[in-house]
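Subject: Structure handover

Dear colleague,

Here is the structure I said I would pass on. Please look through it before reading the notes underneath.

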Amino acid sequence: MPKCGEYFRRFGIVFIGCLITVASFLLGAYGPAHTVSSTYGMSACVGRNVVRRSEGELLDAQSCRQFGEVYSDIGLEDLGRYSVEDVVLMVELPYLNSRLSYSRWFQFMIVDINLSLKSPNYIAKLIESNANFFALDVTIAHQLRSERGWRKLVNGTVIRYLHCALQHYGHYHCDMLPLFELGSLHHQRYLVNIKLRFIPLNDLMEEFKGLSQLSDVSLMEIHQTKGFTQVWWTLKSGLFPITGLLLAVFIWKLGSRQRTLLEGALIFLGAAVTGLGVPVEVLSLYYDCPWLIVFNDVRVGLVVLALSAYWVIFIGEHSKVSPLDHTLGKYWKELAAASLGCIVLFVYEFCERGIQVVYPFFSLWSTPHTQLMANVFLAISITAAALYSVMLLVRLVSVWLSVPEKEKVLEGMAEMPKAAYRRSMSQFKFLLTMLTITAAVTLSTFIPTEIHDFGMEASAATMSIYSGILTGSYALWNVYTVIVLVEHIIGVQDKSRLIGYTAERLLNKGSQE
């Protein structure tokens with residue numbers, strides 16, 4: 001039987017790992033809120049042909065008076081007699097009279113626009129005419145507290161389609177529309193100008209002339225909180241050095257000899273988890289880094305791919321079949337499913353957030369065709385994850401059923417190889433148990449996190465769960481990697497005997513002795 005010291009060591013590592021994982025989940029779910037949102041009503045700069053007169057100018061409440069009048073906090077009910085050329089919508093984020101300012105700790109900003117329409121009849125006409133879209137010329141500018149003027153950040157013409165559903169009593173509810181996303185909040189204040197380039201049915205029906213059907217335009221702004229950023233960075237800074245140090249020790253223990261397939265998979269896993277933990281986000285405190293969101297998502301994808309590959313290879317190298325002829329191609333089905341899911345998510349990231357790095361108005365959810373594309377990406381990734389899960393489950397059940405058969409080999413062994421084989425079997429069952437738990441938790445949380453990342457859920461409850469999954473999963477991956485590395489380091493007795501050896505190799509060694 002394994003020594004009592006091994007049981008205490010494993011129990012201690014697992015107990016501490018459970019505490020870290022549970023504490024990380026609770027801290028993410030019930031600690032500082034992941035994000036906060038604020039609603040900003042837009043003011044209107046109104047004057048005859050104000051759009052043409054102010055061409056190239058950035059309009060705030062003060063500069064607007066050069067071209068017209070400022071209408072604030074009254075909606076657009078009284079502007080029906082004006083045309084789209086007579087109005088520029090504007091808002092400062094945060095409000096000018098607010099003592100608040102944005103911090104680089106906030107990491108990102110997502111802004112949605114809400115176009116409030118007066119008449120249910122107008123909305124019904126939009127749906128019937130299949131012209132339910134608005135064209136907006138949007139300009140974003142930034143300012144530091146010490147500055148007076150505004151500096152233009154980006155400008156673009158965007159088209160957004162209304163999604164309205166008929167509710168009770170004949171009323172329509174229209175969803176908020178994505179406007180832009182900034183991957184870095186490097187400045188303290190922002191200014192948004194919107195010029196209405198096209199309003200549907202504006203020129204076709206006299207009753208919908210001008211701005212008569214717009215009752216209000218507001219923005220919903222969402223950013224990450226400073227508290228959550230600090231918690232997230234602290235968690236990363238505390239765990240990644242441990243994983244990185246153990247990975248270095250494991251590589252040093254292996255020496256210069258050729259790595260086995262299992263050892264290579266473990267090195268890939270350790271490097272991916274360590275790389276995920278390096279807090280490169282600290283750069284955003286000193287530099288404008290809008291690419292960080294994409295970079296972080298790619299790092300998460302590499303960890304998921306490394307875990308998927310290691311699980312399959314670990315199970316396969318300890319199956320009933322001799323591992324001597326095992327190559328990476330033996331696991332092509334599982335690796336293909338995992339790779340497909342990761343590649344699809346990478347393509348989505350590149351098409352969505354990758355383009356937003358240089359053009360923040362782009363969104364796959366802005367038009368029906370691109371929204372269909374995004375849903376296809378989501379469906380493919382979930383399908384690939386489901387296929388991989390089924391194949392992994394089949395391998396897990398098979399290897400668990402083979403454990404009693406492996407233990408029967410002990411009956412005909414000499415004492416020395418029997419002790420070595422017993423230690424190997426104990427270690428194998430322990431690592432297989434940890435693999436089963438980690439895989440179950442990771443794969444069961446994959447779909448909720450993907451649904452959140454694809455923008456399909458945004459309630460307070462789902463945000464809390466998502467935050468807990470984010471911090472808890474990161475802690476779990478580090479704990480699992482640490483456990484595997486520790487067991488492999490201890491299992492490396494010398495250059496010729498590793499934890500990757502299975503029953504056949506141990507039996508051969510015992511017969512030679």
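The notes below go through the sheets, the loops and helices, and then the enclosed spaces. Please keep in mind that this is a predicted model.

The six-stranded sheet

Six strands make up an open sheet, in the order β3-β2-β4-β11-β6-β7, with antiparallel pairing. The edges are taken by β3 (69-71) and β7 (151-161); each has a single partner strand, so one side of each is left without a neighbour in the sheet. On average, and ignoring direction, neighbouring strands here are turned by 25° against each other. As a general point, strands of a sheet pair through backbone hydrogen bonds, either parallel or antiparallel.

Several of the pairings in this sheet can be followed strand by strand. β2 (residues 43-46) pairs with β4 (residues 87-93) in the antiparallel sense over four bridges. Within that pairing, Val46 has Val87 of β4 as its bridge partner. β4 also pairs with β11, again in the antiparallel sense, and over six bridges. There, Glu92 stands opposite Leu191 in β11. β11 in turn pairs with β6 (residues 133-143) over nine antiparallel bridges, and Ile140 has Val192 of β11 as its bridge partner.

How covered is β11? Strand β11 (residues 189-198) is mostly covered, with eight of its ten residues buried.

The four-stranded sheet

A further open sheet has four strands in the order β1-β12-β5-β10, and its pairing is antiparallel. β1 (35-41) and β10 (177-182) stand at the edges with a single partner strand each, so one side of each has no neighbour in the sheet. The average turn between neighbouring strands of this sheet is 20°, direction ignored. β5 and β10 are paired in the antiparallel sense over five bridges; Val111 has Phe180 of β10 as its bridge partner.

The loop between β4 and β5

Two backbone details are worth finding in this loop. Pro94 is placed in the loop between β4 and β5 (109-117), and a cis peptide bond with an omega of about -10° joins Leu93 and Pro94. Gln107 is found in the loop between β4 and β5 as well. The phi of Gln107 is near 70°, a positive value in a residue other than glycine. For context, most residues other than glycine have a negative phi, and most peptide bonds are trans. Is Gln107 buried or exposed? Gln107 has a relative accessible area of 12%, so it counts as buried, the cut-off being under 20%.

Helices α4 and α5

In helix α4 (residues 120-129), the buried residues include Tyr122, Ile123, Ala124 and Leu126. Just after α4, Asn130 takes a positive phi of about 60°.

Helix α5 (residues 226-254) allows a check on its length. With 29 residues at 1.5 Å a residue, α5 should span 42 Å, and its end C-alpha atoms are 42 Å apart, which agrees. The expected value is 1.5 Å times one less than the number of residues. Gly255, just after α5, has a positive phi of about 75°.

Pocket and cavity

The second largest pocket holds about 370 Å³ of space. Its lining has 18 residues, of which Thr21, Val22, Ile437, Val441 and Leu476 are the closest to the centre. Which helices supply the lining of this pocket? α1 (4-30), α10 (415-453) and α11 (460-491) each supply at least two residues. The most come from α11, which gives seven. By class, the lining of this pocket has twelve nonpolar, six polar and no charged residues.

As for cavities, there are four of 30 Å³ or more. The second largest cavity has a volume of about 60 Å³. Its lining is made of Glu181, Leu182, Gly183, Pro290, Ile293, Val294, Arg353, Gln356 and Val357. β10, α7 (292-317) and α8 (332-356) each supply at least two residues of that lining. β10 is also an edge strand of the four-stranded sheet. By class, five residues lining this cavity are nonpolar, two are polar and two are charged.

Regards

How values were computed. Residues are numbered from 1 along each chain as its sequence is written. This is a predicted model: local features need pLDDT of at least 70, side-chain atom pairs count only at pLDDT 80 or more; totals for chains, interfaces and linings use all residues. Side-chain values use heavy atoms; hydrogens and water are left out. On a 1 Å grid over the protein atoms alone, a cavity is a set of points where a 1.4 Å probe fits but cannot get out, and a pocket is an open set with protein on both sides within 12 Å along at least five of seven lines; lining residues have an atom within 4 Å of a point. Grid points are joined across faces, edges and corners, and a volume is the space filled by probe spheres set on the points. Ala, Val, Leu, Ile, Met, Phe, Trp, Tyr, Cys and Pro count as nonpolar, Asp, Glu, Lys and Arg as charged, and the others, Gly among them, as polar. Two strands pair if DSSP finds at least two bridges between them. Axes are lines fitted to C-alpha atoms, for helices over the stretch in contact, and angles run from 0 to 180 degrees between N-to-C directions. Buried means under 20% relative accessible area, exposed over 50%, partly exposed in between (1.4 Å probe, protein chains only).
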